[in-house]
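User: Could you walk me through this fold, one question at a time? I would like the reasoning along with each answer.

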Amino acid sequence: MDDLTVTDLPDEQRFEARLPDGTVVGVAEYRRHDDVVVFTHTEVDPRQEGHGVGTTLVRAALDAVRAAGDRAEPRCPFVRAFVEDHPEYADLVGA
């Protein structure tokens, strides 16, 4: 979805996907342990499922992890499946 804005909210330990009107349509929750971002839960508004919100959200979150020089631990099944389907992110979770 090209019209989504994904923002990291470190105080809330989550990334949010918002529509242009500010409506939150997806979240990727995480816990930070030193330089590892542990993704624990991803949720997309049911009315937005199938429109690429989850993919856009997780891609932006993992890109932010990479840009910060951190690593990712995908405990959330959605994030884990995304990484499995997108090998360009495997280096973020490898040992």
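Here is a short round of questions and answers on the fold, its strands and its core.

Analyst: Happy to help! A note before we start: this is a predicted model, in which local features need pLDDT of at least 70 and side-chain atom pairs count only at pLDDT 80 or more, while totals for chains, interfaces and linings use all residues. Residues are numbered from 1 along each chain as its sequence is written, and side-chain values use heavy atoms, with hydrogens and water left out.

User: In what order do the elements of the protein chain run from the N terminus on?

Analyst: Helices (H or I, at least four residues) and strands (E, at least two) are DSSP runs, numbered from the N terminus. The protein chain has three helices and five strands. Read from the N terminus, their order is β-β-β-β-α-β-α-α.

User: How does the radius of gyration of the protein chain sit against the globule rule?

Analyst: The radius is taken over C-alpha atoms, and the rule is 2.2 Å times the number of residues to the power 0.38. For 95 residues the rule gives 12 Å, and the protein chain is as compact as a globular protein of that length because its own radius of gyration is close to that, at 12 Å.

User: Which strand pairs with β3 over eight bridges, and in what sense?

Analyst: Two strands pair if DSSP finds at least two bridges between them. β3 (residues 24-33) forms a hairpin with its partner, with two residues between them, and Asp34 in the turn has a positive phi of about 55°. Along this pairing, Gly26 stands opposite Val44 and Val27 opposite Glu43. The partner is β4 (residues 36-44), and the sense is antiparallel.

User: What is the handedness of the β-α-β unit made by β4, α1 and β5?

Analyst: β4 and β5 (residues 71-74) pair in the parallel sense over four bridges, with Arg71 as the bridge partner of Val36. Helix α1 (residues 53-67) is the helix of this unit. A crossover counts as right-handed if, with the strands pointing away from the viewer, the path from the first strand over the helix to the second runs clockwise. By that test, the unit is right-handed.

User: Which element gives the largest share of the largest nonpolar core?

Analyst: A nonpolar core is a set of buried (under 20% relative accessible area) Ala, Val, Leu, Ile, Met, Phe, Trp, Tyr and Cys residues joined through side-chain atoms within 4.5 Å. The largest one has 23 residues, and Phe15, Phe39 and Leu62 have the most contacts inside it. Two or more residues come from each of β2 (14-18), β3, β4, α1 and α2 (77-85). The largest share, six residues, is from α1.

User: Phe15 stands opposite which residue in β3?

Analyst: β2 and β3 pair in the antiparallel sense over five bridges. Their hairpin has five residues between the strands, and Gly22 there takes a positive phi near 95°. Leaving out residues up to four places away in sequence, Phe15 has contacts (heavy atoms within 4.5 Å) with residues including Val27, Phe39 and Leu57. The residue opposite Phe15 is Ala28.

User: Is Thr7 buried or partly exposed?

Analyst: Thr7 is found in strand β1 (residues 5-9). Beyond its neighbours within four places in sequence, Thr7 is in contact with Arg14, Phe15 and Glu16. Partly exposed covers the range between buried and exposed, the latter being over 50% with a 1.4 Å probe and protein chains only. With a relative accessible area of 33%, Thr7 is partly exposed.
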